[in-house]
Amino acid sequence: MNNIAIYPGSFDPITNGHIDLVRRASKIFDKVIVGITQNISKPSFLGIDDRIMSATIALQEIKNIEVLKFDKLLVDFANEHNASVILRGLRAVSDFEYEFQLSGMNKHLNNNIETLFMTPAEQYANISSSLVREILLLGGDISTFVPNSVEDLLKNSI
Ligand code: ADP
């Protein structure tokens with residue numbers, strides 16, 4: 001049986017922290033599917049196609065991954081792709097409460113899918129997509145937070 005994990009998120013944009021997590025997970029799982037949400041409840045900064053494209057380019061050297069969009073229940077998306085694990089990143093204690101609630105809800109929805117948490121390398125622990133967007137809009141330097149390809153795309157989006 002293939003060991004497949006889904007790493008879901010809005011990736012608006014994908015950051016070096018996300019990439020670090022995918023790289024680590026790709027060594028543990030046969031395949032990691034980066035599932036990018038279409039954001040039915042909150043508007044995104046980058047459109048879904050740009051988020052898919054930038055993640056695909058940023059992760060292109062990792063061979064056992066796939067970047068896909070989804071607009072359904074996460075557990076259904078996982079099931080559809082034979083994934084038995086939902087992967088989430090934990091940066092700080094502040095992430096914990098929301099992630100704990102989310103994993104509990106997903107267990108209620110499908111008890112056969114496990115949520116696993118991973119932490120990034122220390123230098124990525126403070127990076128968040130929302131802060132990257134804010135720094136970008138205020139004209140700050142985002143080059144240490146995202147790959148060059150993502151930086152270029154973001155600069156062309158404002
Ligand atoms: P969401 O919109 O679902 O919160 P994000 O795209 O912000 O999705 O993040 C997806 C996942 O990656 C979440 O589990 C989040 O905690 C994790 N994550 C975000 N930034 C980092 C980072 N710098 N290092 C490790 N994990 C991260």
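In the predicted model, histidine 18 is in contact with Tyr7, Phe11, Pro13 and Ser129, when its neighbours within four places in sequence are left aside. Histidine 18 has its place in helix α1. Its relative accessibility is 16%, so histidine 18 counts as buried. The burial of this residue fits that of the helix around it: 9 of the 11 residues of α1 are buried, so the helix is largely enclosed by the rest of the structure. The buried residues of α1 are Asn16, Gly17, His18, Ile19, Asp20, Leu21, Val22, Ala25 and Ser26.

Two of the contacts of histidine 18, Phe11 and Pro13, belong to the loop between β1 and α1. Backbone geometry in this loop was examined next. Most residues other than glycine have a negative phi, and most peptide bonds are trans. Phenylalanine 11 is not a glycine, yet has a positive phi of about 45 degrees. With a relative accessible area of 2%, phenylalanine 11 is buried. Further along the loop, the peptide bond that runs from aspartate 12 to proline 13 is cis, and its omega is near 10 degrees.

A positive phi also occurs at asparagine 82, a residue other than glycine, where the value is near 55 degrees. Asparagine 82 is placed in the loop between α3 (74-80) and β4. Phenylalanine 11 is buried, whereas asparagine 82, at 60% relative accessibility, counts as exposed.

The nonpolar interior was considered next. The largest nonpolar core is made up of 32 residues, and those with the most contacts inside it are Ile14, Val22, Ile36, Leu59 and Val67. At least two residues of this core come from each of the strands β1 (4-9), β2 (31-37), β3 (65-70) and β4 (85-89), and likewise from each of the helices α1 (16-26), α2 (48-58), α5 (129-137) and α6 (148-156). There is also a second, separate core of 11 residues, which includes Leu74, Ala78, Ala83 and Ile86. Val22 has already appeared among the buried residues of α1. Isoleucine 14, another of the residues with the most contacts in the largest core, touches Ile19, Ser54, Ala55, Ala58, Leu59, Val146, Pro147 and Val150, not counting residues up to four places away in sequence.

One of the residues touched by isoleucine 14 is Ser54, which is placed in helix α2. Serine 54 has 4% relative accessibility and therefore counts as buried. Not counting residues up to four places away in sequence, serine 54 touches Ile14, Val150 and Leu153. Val150 and Leu153 are in α6, and both take part in the meeting of that helix with α2.

The packing of α2 and α6 was then described as a pair. Two packed helices are described by the angle between their axes and the distance between the axes. For α2 and α6, the axes come within 9 Å and cross at roughly 155 degrees. This angle makes α2 roughly antiparallel to α6. Their crossing is right-handed. On the α2 side, the residues that meet α6 are Asp50, Met53, Ser54 and Ile57, while α6 contributes Ser149, Val150 and Leu153. Sorted by class, this contact has 4 nonpolar, 2 polar and 1 charged residues.

Two strand residues were also examined. Alanine 5 lies in strand β1 and, at 0% relative accessibility, counts as buried. Its contacts, leaving aside neighbours within four places in sequence, are Phe29, Lys31, Val32, Ile33, Ala83 and Val85. One of these, alanine 83, is 78 residues apart from alanine 5 along the chain, but their C-alpha atoms are separated by 5.3 Å. Alanine 83 is included in the second core.

Threonine 115 lies in strand β5 (residues 114-118). This residue counts as buried, at 14% relative accessibility. Leaving aside neighbours within four places in sequence, threonine 115 is in contact with Ile86, Arg88 and Ser103. Ile86 is included in the second core. A separation of 34 Å lies between the C-alpha atoms of threonine 115 and serine 157, which are 42 residues apart along the chain.

Technical notes: Residues are numbered from 1 along each chain as its sequence is written. This is a predicted model: local features need pLDDT of at least 70, side-chain atom pairs count only at pLDDT 80 or more; totals for chains, interfaces and linings use all residues. Side-chain values use heavy atoms; hydrogens and water are left out. A nonpolar core is a set of buried Ala, Val, Leu, Ile, Met, Phe, Trp, Tyr and Cys residues joined through side-chain atoms within 4.5 Å. Buried means under 20% relative accessible area, exposed over 50%, partly exposed in between (1.4 Å probe, protein chains only). Helices (H or I, at least four residues) and strands (E, at least two) are DSSP runs, numbered from the N terminus. Contact means heavy atoms within 4.5 Å. Axes are lines fitted to C-alpha atoms, for helices over the stretch in contact, and angles run from 0 to 180 degrees between N-to-C directions. Angles under 35 degrees count as roughly parallel, over 145 as roughly antiparallel, 65 to 115 as roughly perpendicular and the rest as oblique. A crossing is left-handed if the near helix is turned anticlockwise from the far one by less than a right angle, and right-handed if clockwise. Ala, Val, Leu, Ile, Met, Phe, Trp, Tyr, Cys and Pro count as nonpolar, Asp, Glu, Lys and Arg as charged, and the others, Gly among them, as polar.
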